[in-house]
Amino acid sequence: MSRHRNVRALDVDEEYENFNSCYGHSVEDDFCISPRTEAQFLYNRSSRNQNMNAFFQAAESVPEEDYSSEDSFNHAESSNQPNTGLNSLDSAKLQSCVLAMQDVVGDTIPEATLERAALDHEFDLEKALDAVLQEKAPKPKRGGKKTAPLPVTSVQAGSKNKSEIRLESISGAKDNVAKSDPGKIKTIQHETKIERSNVSDNKSIEAKNSNKTNSISEGKTKSSSIENQTLIEKSDEDQKPSSTIKATKVEKSGTEIYNCERADVKPLINLVVIGHVDAGKSTLMGHLLYDIGNVSQRNMHKFERDSKKLGKGSFMYAWVLDETPEERNRGITMDVAFSSFETPHKAVTLLDAPGHKDFIPNMITGAAQADVAVLVVDSTKGEFETGFESGGQTREHTMLIRSLGVSELAIAVNKMDNVGWCKERFHDIKTKMSTFLKQVGFKESDVTFVPCSGLTGENLVKGPEEPVFKKWYSGPTLVEVIDNFHPPERPVDKPFRLCVSDVFKGATGGFCAAGKIEAGFIKNGDKVLVMPAGEQAVVKGISVDEQTLSYGFAGDHVMLQLSGIDISNVSSGSMICSIEKPVKVATKFEARLVIFNISVPITKGFPVIFHYQSLSEQACVKKLVSQLNRSTGEVLKNKPRCLTKNSSAVVEIEVNRPICIELFKEFKDLGRFMLRSGGSTIAAGLVTNIK
């Protein structure tokens with residue numbers, strides 16, 4: 001309250017009697033030093049780059065003095081002024097030279113060092129700049145007396161203005177450039193004309209206007225000098241040492257990073273194992289993993305003991321991949337099992353897909369992530385016919401993988417020990433399968449038949465040992481066939497895309513999203529976008545087979561540890577993509593369909609289950625656009641009333657909620673989908689237009 005009383009009792013007239021004389025001048029005075037316009041104010045603030053580094057170093061070099069009073073400050077200023085030994089013209093030259101050098105070196109060199117170099121070389125810009133850059137400028141000796149930086153004085157009346165001084169600098173630069181690069185003389189000549197015109201204009205303005213106008217013209221002269229100095233920098237750019245040029249950060253392409261990171265790593269292929277239920281898929285691949293050495297003898301002994309307790313001793317190799325209690329009790333694979341192994345020339349990611357018809361959606365999820373496939377068929381009489389004829393999964397699985405882009409296939413004719421390694425049985429199966437595979441779209445050169453036995457391990461890793469088998473077969477083993485598969489070209493240069501197949505909480509906090517990288521690459525610390533939720537997240541860790549990596553590339557099955565996002569916004573079927581080029585989200589799209597062997601024709605409004613990567617969603621055929629020739633793709637009929645079996649058409653599909661989807665022409669792996677209805681697959685499609 002005392003402060004308030006003092007203010008109320010203050011005699012303003014007496015207290016501020018001489019306020020104007022001690023504080024500043026009125027705006028009405030002709031010698032006003034305050035800017036009158038917004039343009040002048042902005043210019044005064046940006047007319048010269050503030051060299052903060054030089055400011056602090058210069059402050060450290062000045063001896064500490066007591067500047068508590070105005071008299072002591074004026075005394076210090078007047079005592080430093082005569083030490084320069086420069087007249088007004090030399091001071092202006094010094095200032096012009098220092099400004100030119102600062103435009104080149106920026107804040108990397110103190111202003112005091114630049115002033116010394118300019119004085120040592122008599123204001124020669126090129127020599128002084130070379131001396132500074134080559135670190136030949138004089139430095140104070142260690143332990144010696146620090147010298148104060150030379151103050152820059154203003155241009156006195158009667159001296160040359162700054163445009164004339166800058167004109168001399170340009171002329172000197174012109175001579176130096178003419179020696180090294182005659183082609184740049186035209187640029188400097190143009191700059192000289194600009195400077196001369198500025199000088200003449202400034203002189204005419206000084207003759208006509210008052211002191212107030214002179215201050216404004218001086219600002220214009222400074223501005224034109226700075227613009228002309230920019231032109232000088234362009235002409236002298238090639239003469240700068242490489243140490244002064246700031247290298248722009250050039251980002252490497254995905255292919256360059258991939259070749260650098262994976263130069264010493266075997267090519268990766270994603271292998272899916274498919275076939276009819278009870279064909280012996282899990283037993284075959286489990287025995288192969290054991291023979292390669294991926295399963296220890298101790299674990300194999302444990303599997304054998306536990307399987308015999310349940311009365312399923314022949315399933316001991318299947319337990320290598322079937323890990324859940326329900327799968328082991330029922331003796332069938334229910335979900336896609338992941339594993340990995342290496343051949344002499346390939347690194348293989350193994351996906352063991354279920355064969356039961358009730359788990360076809362899970363099989364589609366595994367097949368959508370595969371590059372190549374092994375189709376296992378049971379050679380036992382009656383069993384092969386059951387799986388291959390109508391109603392079996394052998395035909396359906398084969399059509400599914402071909403529709404999902406798999407072009408290379410190995411046919412493992414399993415359980416040959418049950419037929420006594422009969423050569424005729426093997427060739428009979430080969431003949432029937434070859435005709436069907438050609439109809440589906442597989443080339444004969446891309447299909448290999450391998451007789452083997454998953455239970456005995458015959459012809460899996462080592463060649464035939466059975467005498468009967470050895471007499472008529474001399475072809476490759478199953479591992480050799482896998483080793484000869486060709487890995488596809490990875491689209492690492494495309495925008496990042498990862499389709500989430502599983503989400504779970506991590507052991508170290510946060511949560512992880514697992515899936516296959518379909519395109520592009522990712523590294524630790526990258527910001528990503530989770531669609532269709534539209535939430536941003538940060539990648540805190542990348543792991544493959546419990547090994548931490550710094551990069552993940554297209555084709556890798558990875559686990560991403562995410563932060564900055566709630567786990568409820570990420571689910572199976574979500575897409576993790578780049579922020580710059582996010583994945584498309586839609587509820588309607590146009591597609592080209594290939595209709596399979598269906599019993600009920602497809603009409604407008606036909607309900608289906610839409611399968612896309614790891615996503616399953618209810619949808620309907622909204623519109624029948626046209627019917628096509630299955631071989632040539634020509635339009636046979638517009639707006640057909642229905643679509644029958646083994647036909648091709650362009651349709652419009654609508655899903656119940658927004659989904660992430662891409663065009664087939666942009667992302668081949670992300671432009672394929674399957675349609676199912678009534679427990680069977682009715683069509684395969686390619687996305688042609690997103691609405």
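## Salt bridges, step by step

E662 and K584 form a salt bridge, their closest N and O atoms being 3.4 Å apart. This is a predicted model, in which local features need pLDDT of at least 70 and side-chain atom pairs count only at pLDDT 80 or more, while totals for chains, interfaces and linings use all residues. Residues are numbered from 1 along each chain as its sequence is written, and side-chain values use heavy atoms, with hydrogens and water left out.

**Exercise 1.** Find which parts of the chain the pair E662 and K584 ties together.

*Solution.* Start with the rule: a salt bridge is a side-chain nitrogen of Lys or Arg within 4 Å of a carboxyl oxygen of Asp or Glu. The pair E662 and K584, at 3.4 Å, is one such bridge. Next, place the residues, using helices (H or I, at least four residues) and strands (E, at least two), which are DSSP runs numbered from the N terminus. E662 lies in the loop between β22 (648-661) and β23, and K584 in strand β16 (residues 584-595), so the bridge ties together parts that are 78 residues apart in sequence.

**Exercise 2.** Decide whether E662 is buried or exposed, and then classify K584.

*Solution.* Take the cut-offs: buried means under 20% relative accessible area, exposed over 50%, and partly exposed in between (1.4 Å probe, protein chains only). E662 has 0%, so this residue is buried. K584 has 32%, so K584 is partly exposed.

**Exercise 3.** Describe the salt bridge between R676 and E396.

*Solution.* First, the distance: N to O, the side chains meet at 3.1 Å. Second, the places: R676 is in strand β23 (residues 672-677) and E396 in helix α19 (residues 393-403), so parts 280 residues apart in sequence are tied together. Third, the surroundings: R676 is buried at 6%, and E396 is buried at 14%.

**Exercise 4.** Do the same for D378 and K415.

*Solution.* The closest N and O atoms of D378 and K415 are 3.4 Å apart. D378 belongs to strand β4 (residues 372-378), and K415 to the loop between β5 (408-414) and α20 (423-440), so the bridge links parts 37 residues apart in sequence. With a relative accessible area of 7%, D378 is buried, whereas K415, at 24%, is partly exposed.

**Exercise 5.** Work out how many salt bridges there are.

*Solution.* Applying the rule gives 19 salt bridges. Some share partners: D371, R490, K516 and E518 are joined into one network in this way.
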